Amino acid sequence: MSQRERELLEEVADLLATEEYRGHRLHSALQRLYRHHLSQQERLERLVTIADGFQKGAQQDLQETRQQLERQHRRQHKLSRIADGFQDLLHERNQALRDVSRQDPLTGLANRRCLHERLEGLTVGTARQSGTLSLVMLDIDHFKAVNDCHGHVTGDRVLVTLAKHLMGSLRQHDMCGRWGGEEFLLVLPETPLDKAHLLVQRLTDQLRDLRIPADGDTLSVFITASAGIAEWQPGEGYQATIERADRALLAAKRQGRDRCCLAEA
Ligand SMILES: Nc1nc2c(ncn2[C@@H]2O[C@H](COP(=O)(O)OP(=O)(O)OP(=O)(O)O)[C@@H](O)[C@H]2O)c(=O)[nH]1
């Protein structure tokens with residue numbers, strides 16, 4: 001209520017209380033009006049109090065809801081960070097699993113599955129670019145005798161040493177995988193048969209000089225290897241090239257080992 005309103009009401013109250021106006025013909029009407037106004041005023045104040053209370057409650061509710069939302073937001077943020085971390089971990093594990101499933105556990109070289117995948121794409125690319133590709137099947141000679149004389153641990157060491165040697169001797173875009181047992185497949189992109197022949201001869205020459213410690217380093221194992229080389233032919237499936245390299249390897253073994261034979265186209 002404004003100051004002016006309050007003063008007017010006081011003035012009216014004073015008038016109504018003045019003895020000399022009691023008999024006035026407007027006195028009773030003014031008194032009813034005055035009471036009516038007071039009761040309206042009271043009702044209005046009650047309404048304002050209720051509205052204030054309601055507004056206060058609504059504000060409190062709003063504040064609580066906001067805090068709840070902020071808490072929820074923080075929790076969600078934390079959860080999504082955990083989920084992201086978990087997803088990264090899962091991705092790493094999947095990658096590791098994928099690597100492991102494509103790797104020979106002993107030598108770390110590509111395994112047969114990985115070689116198949118690589119050859120699949122490589123033959124398509126070579127065909128498209130009218131390029132050359134040679135495959136070499138290389139097998140340690142008399143490896144059974146190494147195992148029989150020096151044991152499997154030494155046999156394994158021979159395989160690991162050979163794998164390292166092969167990887168260290170090949171060009172960056174060449175590939176070497178363990179095809180099985182003591183058999184390795186070399187994949188030589190952009191390499192015609194004569195170049196592959198020179199490369200394999202150099203490799204097998206170097207193998208003869210490899211000294212692999214055995215029997216607690218008191219002895220050394222020396223190895224030789226035989227190889228069959230085939231050049232991929234346009235229109236040929238890589239499996240057929242591998243089979244030709246395999247037959248050439250067999251010929252090298254039959255001819256006395258420690259040599260390489262070239263497959264006919
Ligand atoms: N230490 C070891 N030996 C293996 C592994 N895989 C295969 N071998 C052995 O490799 C030997 C292969 O023997 P063979 O197939 O007779 O061949 P080889 O004695 O090399 O004879 P040629 O190939 O004819 O010169 C077997 O004794 C297998 O047990 C391996 O991972 N570790």
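Trainee: Which elements each supply at least two residues of the shell around the ligand?
Mentor: They are β1 (133–140), α4 and α5, where helices (H or I, at least four residues) and strands (E, at least two) are DSSP runs numbered from the N terminus. This is a predicted model, in which local features need pLDDT of at least 70, side-chain atom pairs count only at pLDDT 80 or more, and totals for chains, interfaces and linings use all residues. Residues are numbered from 1 along each chain as its sequence is written.

Trainee: Which element gives the largest share of that shell?
Mentor: The largest share comes from α5, with four residues.

Trainee: And how many residues surround the ligand, and which are closest?
Mentor: The ligand is surrounded by 16 residues, and the closest are F143, K144, H152, G155 and G181 (C-beta, placed from the backbone, within 6 Å).

Trainee: What is the make-up of the shell by class?
Mentor: The shell has seven charged residues (Asp, Glu, Lys, Arg), four nonpolar (Ala, Val, Leu, Ile, Met, Phe, Trp, Tyr, Cys, Pro) and five polar (the others, Gly among them).

Trainee: How do the axes of α4 and α5 cross?
Mentor: The axes of α4 (residues 143–150) and α5 (residues 152–169) cross at roughly 140 degrees and come within 7 Å; axes are lines fitted to C-alpha atoms, for helices over the stretch in contact, with angles from 0 to 180 degrees between N-to-C directions. The crossing therefore makes α4 oblique to α5 (under 35 degrees is roughly parallel, over 145 roughly antiparallel, 65 to 115 roughly perpendicular, the rest oblique).

Trainee: Which residues make that contact?
Mentor: From α4 they are F143, V146, N147 and H150, and from α5 they are H152, T154, G155 and V158 (C-beta atoms, placed from the backbone, within 7 Å). By class, this contact of α4 with α5 has five polar, three nonpolar and no charged residues.

Trainee: Turning to the sheet, what is the strand order?
Mentor: The open sheet has five strands in the order β2-β3-β1-β6-β7, with mixed pairing; strands pair if DSSP finds at least two bridges between them. At the edges are β2 (175–180) and β7 (260–262), each pairing on one side only. On average, neighbouring strands of this sheet are turned by 20 degrees against each other, direction ignored.

Trainee: In which sense do β1 and β3 pair, parallel or antiparallel?
Mentor: The pairing of β1 with β3 (residues 183–189) is antiparallel, over seven bridges. L138 stands opposite F184 in β3.

Trainee: Which strands does α6 lie across?
Mentor: Helix α6 (residues 193–208) lies across β1, β3, β6 (225–231) and β7, and runs at about 170 degrees to β6.

Definitions and conventions: Two residues are in contact if their C-beta atoms, placed from the backbone, lie within 7 Å.
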